[in-house]
Structure formats: structure tokens, C-alpha cells
Amino acid sequence: MQQEAYTGRTPVFIGDDITDEDGFATVNAVEGLSIRIGGGETCARHRLASPTALHHVLLAAADGGDLTLETFLQN
């Protein structure tokens, strides 16, 4: 995130199980967007109910040309 191409951008990490917790923690440490798909304990700061919900978020982002926290919270 400190390289010129990434400076000022927000990292996004999306996962669905315990093996993704290190990724969530890393992204949280740099104020990124961590999203857990489904249930279970997590350090991710946000959650989507299912892969289908993620699919809808990504389609909306592709149609609108923007991916923001609000995009995820609407689903």
C-alpha cells in the first residue's frame, strides 16, 4: 500500500472461513475493507450473508464504476 501505484487506495479483502482471518487483520491494520461472507466468528469489520450477496455487490460496482463501503452495506 506504500508503493506509488497503491498510495491513497483502499485495500479490500473478502473471505469466507477461518483461513482468511490473517488477511482480514492485515487489511484492518491499514484501514481497509474486510468482509466476511457467511457466519462465524471473525475480525472482519463487515459481513455479507452469502456468495450471492457478494455477486450482487460486484455487479453493482461494475455497472456503477465504483466500489465503496456503501456498496457493500446496501446488500
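1. Charges first. This is a predicted model, and the protein carries 4 positive and 11 negative charges, whose mean positions lie 3 Å apart. As for the surface, about 5,100 Å² is exposed, and 52% of that comes from carbon and sulfur atoms.

2. On to the fold. There are three helices and three strands, and reading from the N terminus the order is β-α-β-β-α-α. The radius of gyration is 13 Å, close to the 11 Å from the globule rule for 75 residues, so the protein is as compact as a globular protein of that length. If you want a box for it, the C-alpha atoms fill roughly 35 × 30 × 15 Å along the principal axes.

3. Contacts and burial. Take the contacts between residues at least 6 apart in sequence: 10% of them join residues at least 24 apart. Buried residues account for 31% of the 75 in the protein.

4. Now the core. Seven residues make up the largest nonpolar core, namely L33, I35, I37, L48, A53, L54 and V57. Strand 2 (33–37) and helix 2 (51–64) each put in at least two of these residues. As background, nonpolar side chains in soluble globular proteins tend to be buried together.

5. Last, a look at G39. This glycine sits in the loop that links strand 2 to strand 3 (46–48). Its relative accessible area is 53%, so G39 counts as exposed, the cut-off being over 50%. From G39 to T10 the C-alpha to C-alpha distance is 24 Å, with their positions 29 residues apart in sequence.

How values were computed. Residues numbered from 1 in each chain as written. Predicted model: local features only at pLDDT ≥ 70, side-chain atom pairs only at ≥ 80, totals over all residues. Heavy atoms only, no water. Core = buried A, V, L, I, M, F, W, Y, C linked by side-chain atoms within 4.5 Å. Buried < 20%, exposed > 50% of the residue type's maximum accessible area, 1.4 Å probe, protein only. Helix = DSSP H or I, 4+ residues; strand = E, 2+ residues; numbered from the N terminus. Rg over C-alpha atoms; globule rule 2.2 N^0.38 Å. Contact = heavy atoms within 4.5 Å. Areas by Shrake-Rupley, 256 points an atom, 1.4 Å probe, with all protein chains shown as cover. Lys, Arg positive; Asp, Glu negative; His and termini not counted. Charge placed at Lys NZ, Arg CZ, Asp CG, Glu CD.
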